[in-house]
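Reader: I am new to reading protein models. Could you take me through one part of this one closely, in short steps?

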Amino acid sequence: MSVYGASATRDRQAWLFGLTGPQFFLILAAGFPTWMAIAIGQWVTLLVLVPLWGVVGLLICLPIRGHSAFQWIGVLFRHLAGAAFGWSRFQSKAAAGDLDLGDGENDQDDGDAGEADLPGILAGIQIHDGPPMTGQTARPAIIQNHATRTWAATARIVHPGIGMSDDADRFRMGAGLTEMMEAATAGTQIDLVVVQVRTVPDDGTERAEWVRHNARTDEPRVSAQVNDQLDAMTAGAAVRREAFVTVVVREDVINKDAKRAGRGVIGRARILYSVLAEVEARLTGSIGCTRVNWLDSSELAVAIRTGFEPGDAPALADAAIHHRDNPSIAAGVPVGAAGPTHASTALRSYRHGEWESISSTILLPRKGARMGALARVLVPSQPGERRALTVFYRPVSQQAADRTTGRAQMSAVMAGTLREKAGVVGRAKDRHSVGNLHERDEKLESGRSLVRVSSAVSVTVPAEWNVQDFGRRLDASIRISGFTPLPLDGAHDAAFAVSAIPLGAGLPRKRR
């Protein structure tokens, strides 16, 4: 079985002895009083300043669950300020009685029913009905994010999985994903490709409907009894997986072409559709997807609603089934009511409606990982638990890739030279990092592309359950899979939005 990601390197390399640039200069600034005491000969004061300098250095450099003490102080201060000013609490317009459903039935253009009412980092998102795609009657929903100035579209995909695939098939799928990323880099229009998989508790609504239509009246009684017993035994633990792909483009990249294509939402949609067609061809090609369905506004609203409220999925599925037989039965949910009725952010969890979630990021191991290694993360530890995994692929332009690779190589060479001058023995991981940088430089020179990969995973359980226990189970699943979890304490609301809601809201471009 092949290993993937073995040649991956860190996005930002340390400058000196494992320190980043800001950490290095902060330590130098903190040592200024010590140098002044040496310069003026204040030796008694020096005995006090040197230990203080060491304490400040530990607070700046020593990582605690992925962040330094100074960063944790900033997180705590922002959390307390948000709680004091009410920024960490959300109430929807529907819960407050301010939602205008418009004049017509299922009308997404009148009133507030067509406007997304979402909390946190999703508050700047607006959903538009796009024009029909060429040769199709579908009108994919166009997702406009005013905060990040991006446009996106989401597709529900069906993939047979890789559990029974051999090495040749897995290599072909990995090569297909690589080709799609290289095409995105060459085209310069795609800013982000988001792949999301959600493990949803299944109450058997769709299966019961299928059995009702396909059951045979002349079935033997023993066979019927066995099927009923199996159904009763597996119903509580049954789960189903749903996968989404979201393609995101930036406004500053497509705005000129959009002006020539018709301006406004229509112009952006036409440019986005050309990108979607290329991505769909890659997905149904060597990647192996059997179906790609770009979601319209009503389908996207259901995906958002079931993301925030997994318990609503059975009722929505039942309504959709009966709507096909009787169009007078309302199906789906308005976009304006797709979000949670209320939400609140705590330091170590995020509550949305009657559910509570904990999220983590996943750090790729230095030695790489086998394709499919994260499948264990998506397995619920208890019936009624929902898990969601999202992987973000951000293509890097050729110029930026060359620049960052050169800078990283320079930092690695400088750090190695200083270690050699100081008599510090080089470690294997340092040599491995330098080797990966040289390998990356060779691949870029041969025409390959550089892609930033990040991922987030969340676990959602009913609010009355002990969510911290399920968070620990999630971290254990990540470690068993060979990865390192990093819980996003202080930012679980944003982490849940990017890991469980298929709207293309990605991780920030720069760490702050």
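Reader: Where is the place of arginine 394, and what can you tell me about the parts around it and the helices that pack in pairs?

Author: Keep in mind that this is a predicted model. Start with the strand. Arginine 394 sits in strand β13, which covers residues 386-396.

Next, its surroundings. The relative accessible area of arginine 394 is 13%. The cut-off for buried is under 20%, so arginine 394 counts as buried. Its side chain has a partner: aspartate 191. A polar contact of 3.1 Å joins the two side chains.

Strand β13 also helps to cover a helix. That helix is α16, residues 492-500. Seven of its nine residues are buried, so α16 is mostly covered. The buried ones are His492, Ala495, Phe496, Ala497, Val498, Ser499 and Ala500. What lies over them? Strand β13 is one of the covering elements. Others include β6 (190-201), β10 (350-352), β11 (355-363) and β14 (450-462). Helix α11 (297-308) is also among them.

Now for the helix pairs. Two packed helices are described by the angle between their axes and the distance between the axes.

Take α13 and α14. Helix α13 spans residues 398-421, and helix α14 spans residues 428-445. Their axes are 10 Å apart, at an angle of about 150°. Angles over 145 degrees count as roughly antiparallel, and α13 and α14 are therefore roughly antiparallel to each other. The crossing of α13 past α14 is left-handed.

Which residues meet there? From α13 come Gln398, Ala401, Asp402, Thr404, Thr405, Ala408, Gln409, Ala412 and Arg419. From α14 come Asp430, Val434, Leu437, His438, Arg440, Asp441 and Leu444. This contact is a mix: six residues are nonpolar, five are polar and five are charged.

A second pair is α6 and α10. Helix α6 covers residues 167-187, and helix α10 covers residues 264-284. Their axes come within 9 Å and cross at roughly 165°. By that cut-off of 145 degrees, α6 and α10 are therefore roughly antiparallel too. The crossing of α6 and α10 is right-handed.

Here Glu179, Met180 and Ala183 in α6 meet Glu278, Val279, Arg282 and Leu283 in α10. In this contact, four residues are nonpolar and three are charged, with no polar ones.

To go back to the start: arginine 394 is buried, lies in β13, and has a polar contact with aspartate 191.

Key:
Residues numbered from 1 in each chain as written. Predicted model: local features only at pLDDT ≥ 70, side-chain atom pairs only at ≥ 80, totals over all residues. Heavy atoms only, no water. Helix = DSSP H or I, 4+ residues; strand = E, 2+ residues; numbered from the N terminus. Buried < 20%, exposed > 50% of the residue type's maximum accessible area, 1.4 Å probe, protein only. Polar contact = N/O pair within 3.5 Å; in protein donor to acceptor, adjacent residues only side chain to side chain. Axes fitted to C-alpha atoms, helices over the stretch in contact; angles between N-to-C directions. Parallel < 35°, antiparallel > 145°, perpendicular 65-115°, else oblique. Left-handed = near helix turned anticlockwise from the far one by under 90°. Contact = heavy atoms within 4.5 Å. Nonpolar A, V, L, I, M, F, W, Y, C, P; charged D, E, K, R; others polar.
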